[in-house]
Amino acid sequence: MPQFWRLPRVQQETGLSRSSIYELMAAQQFPKSFPLTERCVAWVSAEVEEWKADRLKAAGKLKEAA
């Protein structure tokens, strides 16, 4: 079952500021949030984790799975 993360958790997991997250989303370089309610958004945890792994691979800090 996927987990939904609110903005504070996404910031904690990525080390990014709120504005950086939204700028990257606008540039299609970060997973999009989705509405939980009319005034509440969240991110799918697996999508954020995949973004983190991609960043590590790009930096040469994580080897691809064999």
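**Close-up views of the predicted model**

**View 1. Ser45 counts as buried, with a relative accessibility of 10%.** That puts Ser45 under the 20% cut-off, so the buried label applies. Keep in mind that everything shown here comes from a predicted model. Ser45 belongs to helix α3, which covers residues 45-58. Which residues does Ser45 touch once those up to four places away in sequence are set aside? Gln3 and Trp5 are the ones.

**View 2. Here is the whole chain, for orientation.** Three helices and three strands make up its regular elements, and starting from the N terminus they come in the order β-α-α-β-β-α. The C-alpha trace extends over about 40 × 30 × 20 Å along its principal axes. There are 66 residues in the chain, and 23% of them count as buried. If you look at contacts with a separation of 6 or more, 38% are made by residues 24 or more positions apart. About 5,100 Å² of the chain is exposed, with 51% of that area coming from carbon and sulfur atoms. As for charges, the chain has 10 positive and 8 negative ones, and their mean positions sit 5 Å from each other.

**View 3. The largest nonpolar core has nine residues.** Its members are Trp5, Leu7, Val10, Ile21, Met25, Phe30, Trp43, Val48 and Trp51. Each of the helices α1 (7-14), α2 (18-26) and α3 contributes at least two residues to this core. Zoom in on Ile21, one of the core residues: what does Ile21 contact, leaving aside neighbours within four places in sequence? Its contacts are Leu7, Val10, Gln11, Thr14, Leu16, Phe30 and Trp43.

**View 4. Val10 is a buried member of helix α1.** Val10 sits in helix α1 and has a relative accessible area of 0%, so Val10 is classed as buried. Beyond its neighbours within four places in sequence, Val10 is in contact with Trp5, Ile21, Phe30, Trp43 and Val48. Val10 and Trp51 are 41 residues apart along the chain, while their C-alpha atoms are separated by 11 Å.

**View 5. Tyr22 and Trp43 form an aromatic pair.** Searching the whole structure turns up three aromatic pairs. In one of them, Tyr22 with Trp43, the ring centres are 6.1 Å apart and the planes meet at 70°, so the pair is edge-to-face. This pair links distant parts of the chain, since Tyr22 is in helix α2 and Trp43 is in strand β3 (residues 40-44), 21 residues apart. Are the two partners buried or exposed? Tyr22 is partly exposed at a relative accessible area of 30%, whereas Trp43 is buried at 0%.

**View 6. Phe30 and Trp51 form another edge-to-face aromatic pair.** Centre to centre, the rings are 4.8 Å apart, with 70° between the planes. Distant parts of the chain are linked here too: Phe30 is in the loop between α2 and β2 (34-37), and Trp51 is in helix α3, 21 residues apart. Both Phe30 and Trp51 are buried, and both belong to the largest nonpolar core.

**View 7. Gln28 has a positive phi.** Most residues other than glycine have a negative phi. Where does Gln28 sit? It is in the loop between α2 and β2. The phi of Gln28 is near 60°. If you are checking backbone torsions, this is one to look at alongside the exposure: Gln28 has 69% relative accessibility and counts as exposed.

**View 8. Cys40 is a buried residue of strand β3.** Strand β3 is where Cys40 lies, and with a relative accessible area of 14% it counts as buried. Not counting neighbours within four places in sequence, Cys40 contacts Arg6, Phe34 and Pro35. One of these, Arg6, is 34 residues away from Cys40 in sequence, with 8.4 Å between the two C-alpha atoms.

**View 9. Met1 is exposed, with a relative accessibility of 97%.** Met1 lies in the segment before β1 (4-5). How far apart are the C-alpha atoms of Met1 and Glu47? They are separated by 13 Å, and the two residues are 46 residues apart along the chain.

Terms used
Residues are numbered from 1 along each chain as its sequence is written. This is a predicted model: local features need pLDDT of at least 70, side-chain atom pairs count only at pLDDT 80 or more; totals for chains, interfaces and linings use all residues. Side-chain values use heavy atoms; hydrogens and water are left out. Helices (H or I, at least four residues) and strands (E, at least two) are DSSP runs, numbered from the N terminus. Buried means under 20% relative accessible area, exposed over 50%, partly exposed in between (1.4 Å probe, protein chains only). Contact means heavy atoms within 4.5 Å. Accessible areas come from the Shrake-Rupley method with a 1.4 Å probe; for residues, only the protein chains shown count as cover. Lys and Arg count as positive and Asp and Glu as negative; His and the chain ends are not counted. The place of a charge is taken as NZ of Lys, CZ of Arg, CG of Asp or CD of Glu. A nonpolar core is a set of buried Ala, Val, Leu, Ile, Met, Phe, Trp, Tyr and Cys residues joined through side-chain atoms within 4.5 Å. Rings of Phe, Tyr and Trp (its six-membered ring) pair if their centres lie within 6.5 Å; planes under 30 degrees apart count as stacked, over 60 as edge-to-face and the rest as tilted.
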